[in-house]
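Colleague: I would like to go through the terms used for this model and hear the grounds for each one.

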Amino acid sequence: PGIVIAITCPEILVTCVDTVAKKAAFIKQAALALGLGNLTGLHARVETITQPFDVICSRAFASLLDFTSWSQAALAPGGVWMALKGKHPTDELAVLPPGVAVFHVEPLQVPGLNAERCIVWMRSR
């Protein structure tokens, strides 16, 4: 989702993190080709990042527990996590630690796709 966010919100800085060097290089190339000075590709594991980010977004990355645990050090004070999921992740929400607060689960309808999707919004307590 990083490229779309960078295009639609040119006033914010977007960093796309991937453990696969080829994918991070693609983000860098896309940023150059599209003239997106606000988009960066970073080859790294999310759990090694300590630079603070206001929003950490994932798509089909991991369970909510793993996502929040692995990226905790990169979440800025007052920051939020945004996780794209399929159907409402009731089981995943039930095992989140007390330090993670879910404040919104937003159902999504994707045109042309007959499947459940949602965004889970969370913050650190």
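Modeller: What follows is a set of questions on the sheet, a helix, a pocket and a few residues of a predicted model.

Colleague: What makes the pairing of the four-stranded sheet mixed?

Modeller: The order of this open sheet is E3-E4-E6-E5. E3 and E4 are parallel and share six bridges, while E4 and E6 are antiparallel, also with six bridges. E5 and E6 (residues 117-124) are antiparallel too, with eight bridges. Two strands count as paired when at least two bridges lie between them, so each of these pairs qualifies. With both parallel and antiparallel neighbours, the sheet is described as mixed.

Colleague: Which residues stand opposite one another in these pairs?

Modeller: Between E3 and E4, Val55 faces Val80. Val80 also stands opposite Arg123 in E6. On the other side of E6, Val100 is opposite Ser124 and Glu106 is opposite Ile119.

Colleague: Why are E3 and E5 said to stand at the edges?

Modeller: The sheet runs E3-E4-E6-E5. Strand E3 (53-59) and strand E5 (100-108) each have a single partner strand, so one side of each has no neighbour in the sheet. From one strand to the next, the twist averages 20°.

Colleague: How do you know that helix H3 packs on the sheet?

Modeller: Contact is called when heavy atoms come within 4.5 Å. By that test H3 (residues 64-71) touches E3, strand E4 (75-85), E5 and E6. The direction of H3 makes about 150° with that of E4.

Colleague: What shows that the buried residues of H3 line one face of the helix?

Modeller: The buried residues are Leu64, Phe67, Thr68 and Ser71. Viewed down the axis of H3, these residues fall within an arc of 90°, so they line one face. In general, an α-helix has 3.6 residues a turn, so residues three or four places apart point the same way. The buried residues of H3 pack against E3, E4, helix H4 (90-94), E5 and E6.

Colleague: Why is Ser58 called buried?

Modeller: Buried means under 20% relative accessible area. Ser58 has 7% relative accessibility, so the term applies. Ser58 is in strand E3. Leaving aside neighbours within four places in sequence, Ser58 is in contact with Phe67, Met82, Ala83 and Leu84; of these, Phe67 is also one of the buried residues of H3.

Colleague: Why is Cys118 called buried?

Modeller: The cut-off is again under 20%, and Cys118 has 4% relative accessibility, so Cys118 is buried. Cys118 is in strand E6. Not counting residues up to four places away in sequence, Cys118 touches a list of residues including Ala83, Leu84, His88, Pro89, Val105 and Glu106. Gly79 is 39 residues from Cys118 in sequence, and their C-alpha atoms are 20 Å apart.

Colleague: Why are Ala21 and Glu47 put in a class between buried and exposed?

Modeller: Exposed means over 50%, buried under 20%, and partly exposed lies in between. Ala21, at 42% relative accessibility, therefore counts as partly exposed. Glu47, at 36%, therefore counts as partly exposed as well. Ala21 is in helix H2, whereas Glu47 is in the loop between strand E2 (39-43) and E3. The C-alpha atoms of Glu47 and Trp81 are separated by 14 Å, with their positions 34 residues apart along the chain.

Colleague: What makes E4 a mostly covered strand?

Modeller: Eight of the 11 residues of E4 are buried, each with under 20% relative accessible area.

Colleague: How do you know which element gives the most to the lining of the largest pocket?

Modeller: A lining residue has an atom within 4 Å of a pocket point, and 37 residues line the largest pocket. E3 gives the most, with seven residues. Helix H1 (2-8), strand E1 (14-18), helix H2 (21-34), E3 and H3 each supply at least two. Nearest the centre are Thr15, Cys16, Val17, Cys57 and Ser58. The volume of this pocket is about 1200 Å³.

Key:
Residues are numbered from 1 along each chain as its sequence is written. This is a predicted model: local features need pLDDT of at least 70, side-chain atom pairs count only at pLDDT 80 or more; totals for chains, interfaces and linings use all residues. Side-chain values use heavy atoms; hydrogens and water are left out. Axes are lines fitted to C-alpha atoms, for helices over the stretch in contact, and angles run from 0 to 180 degrees between N-to-C directions. Buried means under 20% relative accessible area, exposed over 50%, partly exposed in between (1.4 Å probe, protein chains only). The arc is that of the directions from the helix axis to the C-beta atoms. On a 1 Å grid over the protein atoms alone, a cavity is a set of points where a 1.4 Å probe fits but cannot get out, and a pocket is an open set with protein on both sides within 12 Å along at least five of seven lines; lining residues have an atom within 4 Å of a point. Grid points are joined across faces, edges and corners, and a volume is the space filled by probe spheres set on the points.
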